[in-house]
Amino acid sequence: MRTESVTNISDRSSALPARRFCLAPMMEWSDRHCRYLWRIISRNAWVYTEMVVTGAIIHGDKNRFLDFNDEEHPIALQLGGSNPAELAECSKIAERWGYDEVNLNCGCPSDRVQNNMIGAVLMKHTQTVADCLKAMQDATGIAVTIKHRIGVDDQDGFNSLVDFVGTLAETGTKTFIVHARKAWLQGLSPKENREIPPLDYDAVYRLKALYPHLEIILNGGLTTTAQCSDVIKAGADGVMVGREAYSNPYVLVDVDNTFYPSSQYPSNQNQSNQSLPSRKEIFEQYVSYCEHQLTKGVKLHHLSKHVLGLFSGQPGGRLFRRYMSENVHKPNASIDTLWQAYECVENSNRAATG
């Protein structure tokens, strides 16, 4: 189990990068192997765990749910729950484990979590959320943040959002990650809730204008760093990207230079003076990581799935993905299987250049 003194936590917190670019918590996707791949590409983007319910941490295998690679900092643990005492206990554990932030999920629309008063349904219970956030802040010295929608069901639009954020800000909560879509708790699947309700970036910009002292991060529909830059210029303090970063991880390659320039982040000085890493270089680093994880008993397909989109849109990219999908589950699959998949890319490049 990880432990860390309060002094060390305080020292590290003061050196953490701003939340200008965050990588979203995604169930069954943003596990520690995925986050390691992202960290190869960007050293400064904030990474968020999959949502972990409080009961799993309190009563389950803590190592399974909480362990992460040291390279993943800055990293936030996202919690699912609505019991203030349980969330406070999990926040204490997160601090001891070495997390930089603990985030409360008030955005997931899944039926499974609704029935347990977890996720987006909590937006209908503002005081409960306030009690949870206050208990979490009282229990830990690391940042306590919240991720939520702009509303749920037939709530009264922007006014409800303003009241929700205003009440929570009174607890001392300063960082709000806002998915710029309403969630419909009945009639739409979680996937449909990520796509069908219209995006309303303007609601997020207006929220920031009303609460300039709060840190407002916009999430939803972002696919390019140029688009993310425009969102920040329009008023948001930062952005959170999810599905695009997973399906096309190379989109992150210029995140550090764009959002964490060396003039403000001296640790990027050497990186900014070098050319951006190629897909091959990223793949090589991740394969080395996979090789080490295999010695720990991690299954190859749990590792390989995160790199399927690395060559998206490139010659041989589809063949690479197909080869991986068809072969990593085989009994004789090994680290060589990853290199054999990469040969599809190399062969396509050679054919394209004659």
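This is a short dialogue on reading features of a predicted model.

Visitor: What are the ground rules for this predicted model?
Guide: Residues are numbered from 1 along each chain as its sequence is written, and side-chain values use heavy atoms, with hydrogens and water left out. Local features need pLDDT of at least 70, side-chain atom pairs count only at pLDDT 80 or more, and totals for chains, interfaces and linings use all residues.

Visitor: How many disulfides does a search of the whole structure find?
Guide: A disulfide is a covalent bond between the sulfur atoms of two cysteines. The criterion here is a pair of cysteine sulfur atoms within 2.5 Å. The search finds zero.

Visitor: Why is there no bond from C106 to C132?
Guide: Their sulfurs are 7.7 Å apart, too far for a bond. C106 is buried at 0% relative accessibility, and C132 is buried at 1%. Buried means under 20% relative accessible area, exposed over 50%, and partly exposed in between (1.4 Å probe, protein chains only).

Visitor: How do helices α5 and α7 cross?
Guide: Helices (H or I, at least four residues) and strands (E, at least two) are DSSP runs, numbered from the N terminus. Axes are lines fitted to C-alpha atoms, for helices over the stretch in contact, with angles from 0 to 180 degrees between N-to-C directions. The axes of α5 (residues 84–97) and α7 (residues 126–139) come within 8 Å and cross at roughly 35 degrees.

Visitor: Which residues of α5 and α7 meet?
Guide: Contact means heavy atoms within 4.5 Å. From α5 come P84, L87, A88, S91 and K92; from α7 come D131, C132, A135, M136 and A139.

Visitor: Which strands pair with β9?
Guide: Two strands pair if DSSP finds at least two bridges between them. β1 (residues 21–23) runs parallel to β9, joined by three bridges. β8 (residues 215–219) also pairs with β9 in the parallel sense, over three bridges. L23 has V241 as its bridge partner, while L218 stands opposite V239.

Visitor: Which way do the residues of β9 point?
Guide: In β9 (residues 238–241), G238 and M240 point one way, V239 and V241 the other. All are buried.

Visitor: What stands out in the backbone of the loops?
Guide: Most residues other than glycine have a negative phi, and most peptide bonds are trans. The H73 to P74 bond is cis, with omega near 0 degrees. E28, not a glycine, has a positive phi of about 70 degrees. D153, also not a glycine, has a positive phi of about 50 degrees.

Visitor: Are E28 and D153 buried or exposed?
Guide: E28 is exposed at 57% relative accessible area. D153 is buried at 11%.
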